[in-house]
Amino acid sequence: MTDMLSNTMTLEEIRAKALCLYEALHEHPEPSGEEVWTTESIKAECNAIGLEILPMRLQTGLVARLRGCGDRAVALRADIDAVTLEYPLRRPFGKAAHYCGHDCHTAALLTAARMLSLLPQSERKNDIYFIFQPAEETMRGAELLLSCGLRTAFDKPLTAIYGIHNRPEVKAGDIAAESGPRMAAKCDFAISILGVGGHGGEPQLCRDPIVAAAELITSAQTIVSRSTAPQDACVLSFCSVNGGSAKNFAPTGVELTGSIRTLSDEVMQAAYARLSELTDGICALYGCTARIQRTAFSPVTYCSERLLHMARSAAQAALADTGCGFASPAPAMGADDFAHFAELAPTFYYWVGSGKADGSSVPWHDRAFEADEGFFPSAVLLYAYSALQYEKSSER
């Protein structure tokens, strides 16, 4: 490690501490907005480290601070919620499980906080804020933090916010630190189609919303194939269809939900506008009425070009310590509401590999998902080195 961090924790101590925290978190998964035990555990660890926990109007999640000697601040973020399960499992998992690795992120950030607290304050030029964000899976946690006091939490200029997410397609410990889009913008939508119900044997007296819904689901795929340029990434998914309960009766209404994902805000706007047109037109064609609304939105998770040099420097330092390497995976079409923090300061979002050496890793949200423990040393050191980066170009 660099001279600055070499007297804090060894690689083995980093790995052992992070794994201990991870195992406890992994056995207590809590869904978005219900991370009570998780929050109390994080709070206890922050108190043990000696961090200052900021007063915020939050039910779950927290923000802690470690003072430096300079006149600026940086922030490090980890998400803390688990994935809600469609079919609850037996305990200890119950209705949620850590199938996206947020327990790994939280354990890594807490371990990095301990490392940084062991440095003399004179070696921390930045005040360091540790953001433990709830409700990432519902894309509501970042906006909740912003509305509950995060905008006014910083008493020094905030110059950067860094986030880390594991990537199972990348070898454990390797790091991707590149500018540009990393995760997609996501717009969740709900469509209500209202028709005229009636007996299945008298279709001429009905205005069947199921037929209209089926046509819409099929036609909406042309938004990707015919309304979006081939070089622009766009995914449109219908994820639930609800309507009807009897086998001989056309229902009065059908409810559809889904999402649009893009790597460009402009493509997102165009795709949603086209979906609205198709919804109105197709439903009218079948004698039905429709209403479409956005239910959640997160912009593109974008890595700032301004932070690229410092981010690469932090990654290089971490990799020099762990012996891992750089990776260049393609942007993911999953979404992360980390993007909302860009209103506060330039943001940078790293991938750290969590893939197993034997190639058996599965994607996020798969029930067989499990991060390789080789993720931890690189992630912990990457958080720590990022916090210590200082914008020399803007020194006063």
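Which residue in β17 does Ile-164 stand opposite? In this predicted model, in which residues are numbered from 1 along each chain as its sequence is written, local features need pLDDT of at least 70, side-chain atom pairs count only at pLDDT 80 or more, and totals for chains, interfaces and linings use all residues. Side-chain values use heavy atoms, with hydrogens and water left out.

Ile-164 stands opposite Tyr-350 in β17. Helices (H or I, at least four residues) and strands (E, at least two) are DSSP runs, numbered from the N terminus, and two strands pair if DSSP finds at least two bridges between them. Strand β17 comprises residues 347–355 and pairs with β7 in the parallel sense over eight bridges. Strand β8 (residues 175–176) pairs with β17 in the antiparallel sense over two bridges, and Val-352 is the bridge partner of Ile-175. Nine of the nine residues of β17 are buried (under 20% relative accessible area, with a 1.4 Å probe and protein chains only). In a regular strand the side chains alternate between the two faces of the sheet. In β17 both faces are covered, with residues including Tyr-349 and Trp-351 buried on one side and residues including Phe-348 and Tyr-350 buried on the other.

Four further strands form an open, antiparallel sheet in the order β12-β14-β10-β15. Because β12 (234–242) and β15 (289–298) stand at the edges with a single partner strand each, one side of each is left without a neighbour in the sheet. The twist averages 20° from one strand to the next; axes are lines fitted to C-alpha atoms, for helices over the stretch in contact, and angles run from 0 to 180 degrees between N-to-C directions. Nine bridges join β10 (residues 185–194) to β15, and Ile-191 is set opposite Ile-292 in β15. Helix α5 (residues 209–219) lies across β10, β12 and β14, at about 10° to β14, where contact means heavy atoms within 4.5 Å. Helix α7 (residues 265–285) lies across β10, β12, β14 and β15, at about 160° to β15.

The structure holds one cavity of 30 Å³ or more. On a 1 Å grid over the protein atoms alone, a cavity is a set of points where a 1.4 Å probe fits but cannot get out, and lining residues have an atom within 4 Å of a point. The volume of the largest cavity, the space filled by probe spheres set on the points, is about 40 Å³. Arg-72, Asn-126 and Tyr-162 are among the residues that line the largest cavity, and β7 gives the most to this lining, with three residues.

Terms used: 1 Å grid on protein atoms, 1.4 Å probe; cavity = no way out; pocket = protein on both sides within 12 Å on 5 of 7 lines; lining within 4 Å. Buried < 20%, exposed > 50% of the residue type's maximum accessible area, 1.4 Å probe, protein only.
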